[in-house]
Amino acid sequence: MLNDPIIFWKSWKYRKIEYWVILPDHIHFIIKINDENLSNVIHNFKTAYSRLYRNKFGSGKVWQNMFWDHMIRNEKDMENHVNYIHYNPVKHQLVNNLFDWNESSVHKFSENGSNIIEISADNIDFEIEYGE
């Protein structure tokens, strides 16, 4: 489904997504929405993405009807979710090293000198509900 990341980015238009990973069958991202209705934001994204996707690849169902959301509560919660997002391609055995997955914001953090290199299964709290 997510075999064209350019469609993903075009579908967001003017939104800034700080943390993200695009996998073949699902996505994870953190977005700031302020006072907007999250359901409307996601609906607009899915509608735009579906239109672009069908124009390029043909008809068919693109999305499941629901989505999973979580409100980031504090810095530790943010750290947990950012680490989980970046580790996701390794978790799903798509790569052995999180830096080998191109469609991820992990590269931005590496370039900025972040401690992202320390992400491993050992320092991710898998007891937290991440939406999978």
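How many residues does the hairpin use to join β1 to β2? In this predicted model, the hairpin connection between the two strands runs through four residues. Strands β1 (residues 17-22) and β2 (residues 27-31) pair in the antiparallel sense, and five bridges are found between them. One of the bridge pairs consists of Ile22 and its partner in β2, Ile27. Strand β1 is mostly covered, with five of its six residues buried. In a regular strand, side chains alternate between the two faces of the sheet.

The chain as a whole contains four helices and two strands, arranged along the sequence in the pattern α-β-β-α-α-α. It has 132 residues, of which 39% are buried. The accessible surface of the chain amounts to about 8,700 Å², and carbon and sulfur atoms account for 47% of this area. When contacts between residues at least 6 apart in sequence are considered, 56% of them join residues at least 24 apart.

Two polar residues were examined individually. The first, Lys46, is located in helix α2, which spans residues 38-57. Lys46 is buried but forms no salt bridge. The nearest side chain of opposite charge belongs to Asp69, at a distance of 11 Å; a salt bridge requires a separation within 4 Å, so Asp69 does not qualify as a partner of Lys46. A polar atom of the Lys46 side chain does, however, lie 3.2 Å from the backbone oxygen of Met66. Beyond residues up to four places away in sequence, Lys46 touches Trp63, Gln64, Asn65, Met66 and Phe67. Met66 thus appears both in the list of residues touched by Lys46 and as the source of the backbone oxygen at 3.2 Å.

The second residue, Ser104, is placed in the loop between α3 (75-91) and α4 (106-111). Its relative accessibility is 4%, and Ser104 is therefore classed as buried, the limit for that class being under 20%. A polar atom of the Ser104 side chain lies 3.1 Å from the backbone nitrogen of Val106. With neighbours within four places in sequence set aside, Ser104 is in contact with Trp20, Val21 and His86. Of these contact residues, Trp20 and Val21 fall within the range of strand β1, residues 17-22, while His86 falls within the range of α3, residues 75-91.

Conventions. Residues are numbered from 1 along each chain as its sequence is written. This is a predicted model: local features need pLDDT of at least 70, side-chain atom pairs count only at pLDDT 80 or more; totals for chains, interfaces and linings use all residues. Side-chain values use heavy atoms; hydrogens and water are left out. Buried means under 20% relative accessible area, exposed over 50%, partly exposed in between (1.4 Å probe, protein chains only). A polar contact is a pair of N or O atoms within 3.5 Å; within protein, one must be able to donate a hydrogen and the other to accept it, and residues adjacent in sequence count only if both atoms are side-chain atoms. Contact means heavy atoms within 4.5 Å. Accessible areas come from the Shrake-Rupley method with a 1.4 Å probe; for residues, only the protein chains shown count as cover. Lys and Arg count as positive and Asp and Glu as negative; His and the chain ends are not counted. Two strands pair if DSSP finds at least two bridges between them.
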